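User: I would like to learn how to read the features of a protein model, one step at a time. Could we begin with what a database record says and then move on to the side chains?

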Amino acid sequence: MAKILIAEDDRISQRLAVKIVEELGHIAFVSPHGKHAYETLMANNDFDLLLTDIMMPEMDGQQLIKTLRGDQQFNDLPIIIMSAVVGISDISNLLKLGATLFLAKPLEREELQDYITRCLGDSGRHLQN
């Protein structure tokens, strides 16, 4: 069972992401914006995966990725971007910044489940069931 942090300000997207994470048997934690997510990760560095939106108040997803990737303790943390408002060049830039995968909104259950499974399998962390 993995601990997954979801940085998302939209309540509907929050609930859907939490439901999908929990259906996979993982534990979901929600942060309402990037700054909260960053503070949560700094206080508790045992998360296995970060799902983050891009467009959020206080600290957007792009700044969150830059900040996390600038801190060595988060080098191996898989980060999945969830967004409806970016183009191809934006996606490319986010991946160059250190995002692991990009997922377009609206979220599709099977696609998000596949991405989560891939990231947790690739992370090199040993998860306990």
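Analyst: The UniProt record, in an unreviewed entry, lists residues 3-120 as "domain: Response regulatory". In this model, which is predicted, the end C-alpha atoms of residues 3-120 lie 10 Å apart, and the span is 46% helix and 20% strand.

User: Which single residue does the record mark as modified, and with what feature name?

Analyst: UniProt places "modified residue: 4-aspartylphosphate" at Asp53, again from an unreviewed entry. Asp53 is found in strand β3, and it counts as buried because its relative accessibility is 5%, where the cut-off for buried is under 20%. Leaving aside residues up to four places away in sequence, Asp53 touches several residues, including Glu8, Asp9, Ser83 and Lys105.

User: Thr52 is in strand β3 as well; is Thr52 buried or exposed, and what does it touch?

Analyst: Thr52 has a relative accessible area of 0%, so it is buried. With residues up to four places away in sequence not counted, its contacts are Ala7, Gly61, Leu64, Ile79, Ile80, Ile81 and Met82.

User: How should I read a salt bridge, and how many does the whole structure hold?

Analyst: The general idea is that side chains of opposite charge can pair when their charged atoms come close. A search of the whole structure finds five salt bridges. In one of them, the side chains of Glu8 and Lys105 meet at 2.7 Å, taken from N to O. This pair links distant parts of the chain, since Glu8 is in the loop between β1 (3-7) and α1 (11-23), while Lys105 is in the loop between β5 (101-104) and α5 (109-122), 97 residues apart. Both Glu8 and Lys105 are buried.

User: What other salt bridge does Lys105 make with Asp53, and how far apart in the chain are they?

Analyst: The side chains of Lys105 and Asp53 also meet in a salt bridge, at 3.4 Å from N to O. That pair too links distant parts of the chain, with Lys105 in the loop between β5 and α5 and Asp53 in strand β3, 52 residues apart. Lys105 has a relative accessible area of 19%, so it still counts as buried. Taken together, Glu8, Asp53 and Lys105 are linked in a network of salt bridges.

User: Where does the salt bridge between Asp114 and Arg118 lie?

Analyst: Both residues lie in helix α5, four residues apart, which is about one turn of the helix. The closest N and O atoms of Asp114 and Arg118 are 3.6 Å apart. Asp114 counts as partly exposed because its relative accessibility is 37%, and Arg118 is likewise partly exposed, at 39%. Arg118 also lies over the face of Tyr115, at 5.2 Å from the ring centre.

User: How do I describe an aromatic pair, and how many does the structure hold?

Analyst: A pair of aromatic rings is described by the distance of the centres and the angle of the planes. The structure holds one aromatic pair. The rings of Phe29 and Phe47 have centres 5.3 Å apart and planes at 90 degrees, so the pair is edge-to-face. Phe29 is in strand β2 (residues 27-31) and Phe47 in the loop between α2 (34-43) and β3 (49-53), so that the pair links distant parts of the chain, 18 residues apart.

User: Which of the two rings is buried and which is partly exposed, and what sits over the ring of Phe47?

Analyst: Phe47 is buried, with a relative accessible area of 2%, whereas Phe29 is partly exposed, at 33%. The charged end of Lys3 sits over the ring of Phe47, 4.7 Å from its centre.

Methods: Residues numbered from 1 in each chain as written. Predicted model: local features only at pLDDT ≥ 70, side-chain atom pairs only at ≥ 80, totals over all residues. Heavy atoms only, no water. Phe/Tyr/Trp six-rings, centres within 6.5 Å; stacked < 30°, edge-to-face > 60°. Helix = DSSP H or I, 4+ residues; strand = E, 2+ residues; numbered from the N terminus. Buried < 20%, exposed > 50% of the residue type's maximum accessible area, 1.4 Å probe, protein only. Lys NZ or Arg CZ within 6 Å of the ring centre and 35° of its normal. Contact = heavy atoms within 4.5 Å. UniProt positions renumbered as here; feature names shortened; annotations may be inferred. Salt bridge = Lys/Arg side-chain N within 4 Å of Asp/Glu carboxyl O.
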